[in-house]
Amino acid sequence: MSASFPRASSPDAPSPESRSEGAVAALHRRAAALNAAFEAADASARLAGLLADEAGQAVFTTSFGLEDQVLTHLIATLRLPVRFATLDTGRLFPEVYALWAQTEARYGVVIAPFHPRHDAIEGFVRQNGVNAFYGSREARRTCCAIRKVEPLGRALADADLWIAGLRADQSAARGGVRFAEADAARKLIKVNPLLDWSREQALAFAREHDVPLNPLHAQGFVSIGCQPCTRAIAPGEPERAGRWWWEDDAARECGLHVGADGGLSRASPAVAEAQA
Ligand code: SF4
């Protein structure tokens, strides 16, 4: 049964702000309940459990990295009702496109592409140059907002549940990641089923289950994003050291998982601007 609200003319009618606050509070309650129910479970049980819990539309966004390939394997083999999506920035490695096709064939799934808006990216490149991201942090963030964050908004437009592949030990900035988090800006619950996995654990799982992986991982490319913004790392370097390596901010992120407070997991003001 749907909830009934007092009529707008009623003196008791909640304001739009209070309705919004109520919706955000409900998201936080639901995230807390999911953490209580599933955070201590294993990854398969987390996925199966939360999707059995009247999750609504679930969307998994993959960039075909190690963790995302493990999640694809779990979601596909468990036959969970999840929609697959990926952000095709137009600057990905050729190996990513090959793995995309290989993954669809292996698991019999369709991984829907979300591209940048052509008018936005054409204008940005015309004004700033094709490799503007090397010139300033502002240009880099704008490029990420156009190529990644705005398309992500469309990929998640009707989602109630967003499945992502974050692990807490990928970087210090990701250390506080929870299993379920309220994304108030996008009005959904974000879940990180591999939050407590190590990279070694994910690699061992992939080997055991013959999960297709990007061959660049074996060449030192640990965290793989766009080709011009990713380099291989040396043994002992932090996992995300190869992303935007010319910037000096150790907590650098592309904006997909960054909140309004600068922390991870909620949509940033830049997101809202890019989506407007
Ligand atoms: S990672 Fe680099 S090329 Fe890709 S969207 Fe961000 S700045 Fe642009």
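**Ligand shell, nonpolar core and helix 3**

The shell around the ligand comprises seven nonpolar, two polar and four charged residues. The model is a predicted one. Thirteen residues surround the ligand, and Cys143, Cys144, Arg147, Cys226 and Cys229 are those that come nearest.

The largest nonpolar core contains 55 residues, of which Val59, Leu161, Trp162, Ile163 and Ile189 touch the most other members. The element giving the most to this core is helix 6 (residues 137–155), which supplies seven residues. In soluble globular proteins, nonpolar side chains tend to be buried together. For Leu161, the contacts beyond four places in sequence are with Ala55, Gly56, Ala58, Leu188, Ile189 and Val191. Ile189, one of these partners of Leu161, is itself among the core residues that touch the most other members.

Helix 3 spans residues 66–77 and has twelve residues. The distance from its first C-alpha to its last is 17 Å, close to the 16 Å expected at 1.5 Å a residue. Nine of the twelve residues of helix 3 are buried, and the helix is therefore largely enclosed by the rest of the structure. The buried positions are Leu66, Glu67, Asp68, Gln69, Val70, Leu71, Thr72, Leu74 and Ile75. Glu67 and Asp68 are thus listed as buried alongside residues such as Leu71 and Ile75. The packing partners of the buried residues include three helices, namely helix 2 (43–52), helix 4 (94–107) and helix 7 (199–208). The buried residues of helix 3 also pack against strand 1 (58–61), strand 2 (82–87) and strand 4 (161–163).

Positive phi values occur on either side of helix 3 in sequence, at Phe64 and at Arg79. Most residues other than glycine have a negative phi. Phe64, in the loop between strand 1 and helix 3, has a phi of about 70° although it is not a glycine. Phe64 counts as buried because it has 24 C-beta neighbours inside 10 Å, where 20 or more are required. Arg79 follows helix 3 and has a positive phi near 55°.

A further positive phi is found at Lys187, again a residue other than glycine, with a value near 60°. Lys187 is located in the loop between strand 5 (180–183) and strand 6 (188–191). With 16 other C-beta atoms within 10 Å, Lys187 is partly exposed, whereas Phe64 is buried.

Technical notes. Residues numbered from 1 in each chain as written. Predicted model: local features only at pLDDT ≥ 70, side-chain atom pairs only at ≥ 80, totals over all residues. Near = placed C-beta within 6 Å. Nonpolar A, V, L, I, M, F, W, Y, C, P; charged D, E, K, R; others polar. Core = buried A, V, L, I, M, F, W, Y, C linked by C-beta atoms within 7 Å. Helix = DSSP H or I, 4+ residues; strand = E, 2+ residues; numbered from the N terminus. Contact = placed C-beta atoms within 7 Å. Expected span 1.5 Å × (residues − 1).
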